[in-house]
Amino acid sequence: MTLPPNTHLHPGERYTQQIALRNSGQLDWPTDTMLVLSMASDNIRVPSEVAVGAARTGSCKMVTIEVAPAQGARENEAAFFFYQVAYGAGLHALREAEVQ
């Protein structure tokens, strides 16, 4: 991760968060695999979807997420966001992922 926990984000600035995801399941991920935002605090802006792409079982993929404080976010206010790994038109959730 490029933004360690407890990093202070300043209003008006953008940050790039890089995350290594490992396919820890028994099936390869298809080319349409993505991260889908499942929850985020109101004080942070993150994309609703992030492309991941294909990944063989046991392999890692680097994913980049642009993070920015939301308009009106207060200094020193905690923020969070959670993504699910999913694929396909119905966005079938994959549970075989680990953040490295």
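**Figure 1. Confidence varies between strands E8 and E4 of this predicted model.** Among the elements of the protein chain, strand E8, residues 97–99, has the lowest mean pLDDT, at 52. Strand E4, residues 49–51, has the highest, at 93. Across the protein chain, the mean pLDDT is 80. A pLDDT of 70 or more is reached by 82% of the residues. Where pLDDT is low, the predicted coordinates should not be read in detail.

**Figure 2. The protein chain has strands and no helices.** Count the elements: there are 8 strands and 0 helices. From the N terminus on, the order reads β-β-β-β-β-β-β-β. Of the 100 residues, 33% count as buried. The protein chain exposes about 6500 Å², and carbon and sulfur atoms supply 51% of that area. Now take the contacts with a separation of 6 or more: 68% of them join residues 24 or more positions apart.

**Figure 3. The largest nonpolar core holds 14 residues.** Leu21, Leu35, Val63 and Ile65 have the most contacts inside this core. Three strands each supply at least two of its residues: E1 (15–23), E5 (60–69) and E6 (81–87). E5 gives the most, with 3 residues. In soluble globular proteins, nonpolar side chains tend to be buried together.

**Figure 4. Close-up of valine 63, one of the core residues with the most contacts.** Which residues does valine 63 touch, not counting residues up to four places away in sequence? Gln17, Gln18, Ile19 and Leu21 are among them. Leu35 also touches valine 63. Val50, Ala51 and Val52 complete the list.

**Figure 5. Valine 46 sits in a loop, yet it is buried.** The loop runs between E3 and E4. Valine 46 has a relative accessible area of 16%, so it falls under the 20% limit for buried residues. Leave aside its neighbours within four places in sequence, and valine 46 is in contact with Leu37, Ala40, Ile65, Glu66, Val67, Phe81 and Tyr83. How far apart are valine 46 and isoleucine 65 in space? Their C-alpha atoms are 7.1 Å apart, while 19 residues separate them in sequence.

**Figure 6. Phenylalanine 81 is a partly exposed residue of strand E6.** Its relative accessible area is 23%. Phenylalanine 81 touches Leu37, Met39, Ala40, Ile44, Val46, Ile65 and Val67, not counting residues up to four places away in sequence. Look at the pair with methionine 39. Phenylalanine 81 and methionine 39 are 42 residues apart in sequence. In space, C-alpha to C-alpha, they are 5.6 Å apart.

**Figure 7. Met39, Phe80 and Phe82 make a nonpolar surface patch.** The patch covers about 300 Å². Phenylalanine 82 belongs to strand E6. Is phenylalanine 82 buried, exposed or partly exposed? At 46% relative accessibility, phenylalanine 82 counts as partly exposed.

**Figure 8. Aspartate 42 is exposed in a loop.** Strand E2 (34–40) and strand E3 (44–45) flank this loop. Why does aspartate 42 count as exposed? Its relative accessible area is 78%, so it passes the limit of over 50%. Follow the sequence to alanine 79, which is 37 residues away from aspartate 42. The two C-alpha atoms are 7.9 Å apart in space.

**Figure 9. Leucine 27 is an exposed loop residue.** Find leucine 27 in the loop between E1 and E2. Its relative accessible area is 68%. Leucine 27 counts as exposed because the limit is over 50%. Arginine 56 is 29 residues from leucine 27 along the chain. The C-alpha atoms of these two residues are separated by 7.4 Å.

Definitions and conventions:
Residues are numbered from 1 along each chain as its sequence is written. Side-chain values use heavy atoms; hydrogens and water are left out. pLDDT is the predictor's confidence in each residue, from 0 to 100. Helices (H or I, at least four residues) and strands (E, at least two) are DSSP runs, numbered from the N terminus. Buried means under 20% relative accessible area, exposed over 50%, partly exposed in between (1.4 Å probe, protein chains only). A nonpolar core is a set of buried Ala, Val, Leu, Ile, Met, Phe, Trp, Tyr and Cys residues joined through side-chain atoms within 4.5 Å. Contact means heavy atoms within 4.5 Å. Accessible areas come from the Shrake-Rupley method with a 1.4 Å probe; for residues, only the protein chains shown count as cover. Patches are made of residues with over 30% relative accessible area and no salt bridge: like charges are joined within 9 Å, nonpolar side chains (Val, Leu, Ile, Met, Phe, Trp, Tyr) within 5 Å. A salt bridge is a side-chain nitrogen of Lys or Arg within 4 Å of a carboxyl oxygen of Asp or Glu.
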